[in-house]
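Q: I have a structure open and want to learn how to read it. Where do I begin?
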Amino acid sequence: MNRAQRRKLGIKGKKPDLEKKIGLFDKLPSQCTNCDAPYDKKDKKMAMTWSVVVREQENKVNLYSPTCWENAHKMLDQMKRDLADRQQIKALGETNENKN
Ligand SMILES: [Zn+2]
């Protein structure tokens, strides 16, 4: 498929934003993407505490229970800290190299 054909298909498949959002709501999973804990779409408390991540490129909706969301953030924080440490070590190494 060439680029022009792909563009043509893209325009053809384009929908108004509202319709697109409703479509994504339909795709809302009935369980946590990570741990498969059941999610009740009618439960207002769950709607407030669970996290929805829309992956428009994949046309997919991921849903995370509060526990999994918290864990994911803790993991991200840890990763950021690890990365920062590594960069610091690298920076220190470069400083030492400059001294020599
Ligand atoms: Zn979960």
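Q: What spacing do the donors of the zinc ion follow along the chain?
A: This is a predicted model. To read a spacing pattern, take each letter as a donor and each x as a count of residues in between. Here the donors of the zinc ion follow C-x2-C-x29-S-x2-C.

Q: Which atoms coordinate the zinc ion?
A: Look for the residue and then for the atom in brackets. The zinc ion is coordinated by Cys32 (SG), Cys35 (SG), Ser65 (OG) and Cys68 (SG), at 2.3 Å.

Q: Which parts of the chain do Cys35 and Cys68 come from?
A: Distant ones. Cys35 sits in the loop between α2 and α3. Cys68 belongs to helix α4, residues 66–99. The two are 33 residues apart.

Q: Why is the arrangement around the zinc ion called tetrahedral?
A: Check the angles between donors. Four donors count as tetrahedral if all angles lie between 85 and 135 degrees. Around this zinc ion the four donor atoms subtend angles of 96 to 119 degrees, so the arrangement is tetrahedral.

Q: Is Cys68 buried or exposed?
A: Compare the relative accessible area with the cut-offs. Buried means under 20%, exposed means over 50%, and partly exposed lies in between. Cys68 has 9%, so Cys68 is buried. Cys35 has 42%, so Cys35 counts as partly exposed.

Q: How many helices and strands does the protein chain have?
A: Count the elements, then read their order. The protein chain has four helices and two strands. Along the sequence the pattern is α-α-α-β-β-α.

Q: How do strands β1 and β2 run, parallel or antiparallel?
A: Find the bridges between the strands and compare directions. Strand β1 covers residues 51–55, and five bridges join it to β2. The two strands run antiparallel. For one facing pair, take Ser51, which stands opposite Tyr64 in β2.

Q: What does Asn59 do in the hairpin of β1 and β2?
A: Look at the residues between the strands, and at their backbone angles. This hairpin has four residues between its strands. Asn59 takes a positive phi near 55 degrees.

Q: Why is strand β2 described as largely enclosed?
A: Go through the strand residue by residue. Strand β2 spans residues 60–64, and four of its five residues are buried. The strand is therefore largely enclosed by the rest of the structure.

Q: Which residues does Asn62 touch?
A: Set aside sequence neighbours up to four places away. Asn62 then touches Thr33, Ser51, Val52, Val53 and Arg55. Asn62 is found in strand β2. At 7% relative accessibility, Asn62 counts as buried.

Q: How many residues apart in sequence are Pro29 and Asn62?
A: Keep two distances in mind, one along the sequence and one through space. Pro29 and Asn62 are 33 residues apart in sequence. In space they are 7.0 Å apart, C-alpha to C-alpha.

Q: Where is Pro29, and what is it in contact with?
A: Place the residue first, then list its partners. Pro29 lies in the loop between α2 (17–26) and α3 (44–49). Beyond neighbours within four places in sequence, Pro29 is in contact with Tyr39, Lys41, Val61 and Leu63. Its relative accessible area is 15%, so Pro29 is buried.

Q: How many salt bridges does the structure hold?
A: Look for a side-chain nitrogen and a carboxyl oxygen within 4 Å. The structure holds three salt bridges. One of them joins Glu58 and Lys60, with the closest N and O atoms 3.8 Å apart. Glu58 is partly exposed at 48%. Lys60 is partly exposed at 40%.

Q: Where do Lys74 and Glu70 lie?
A: Check the element, then the gap in sequence. Lys74 and Glu70 both lie in helix α4, four residues apart, about one turn of the helix. Their side chains meet in a salt bridge at 3.3 Å, N to O. Lys74 counts as exposed at 51%, while Glu70 is partly exposed at 46%.

Q: Which residue forms a salt bridge with Lys90?
A: Use the method again. Lys90 pairs with Glu94, and their closest N and O atoms are 3.6 Å apart. Both lie in helix α4, about one turn of the helix apart. Lys90 is exposed at 56%, whereas Glu94 is partly exposed at 40%.

Q: What share of the 100 residues in the protein chain is buried?
A: Finish with the whole chain. Buried residues make up 14% of the 100 residues. The protein chain exposes about 9,000 Å², and carbon and sulfur atoms supply 54% of it.

Notes: Residues are numbered from 1 along each chain as its sequence is written. This is a predicted model: local features need pLDDT of at least 70, side-chain atom pairs count only at pLDDT 80 or more; totals for chains, interfaces and linings use all residues. Side-chain values use heavy atoms; hydrogens and water are left out. Buried means under 20% relative accessible area, exposed over 50%, partly exposed in between (1.4 Å probe, protein chains only). Accessible areas come from the Shrake-Rupley method with a 1.4 Å probe; for residues, only the protein chains shown count as cover. Contact means heavy atoms within 4.5 Å. Donors are N, O and S atoms within 2.8 Å of the metal (3.2 Å for Na, K and Ca); water is not among the atoms, so sites may look incomplete. Four donors count as tetrahedral if all angles lie between 85 and 135 degrees; four count as square planar and six as octahedral if opposite donors are over 155 degrees apart and all others between 65 and 115; anything else is irregular. Two strands pair if DSSP finds at least two bridges between them.
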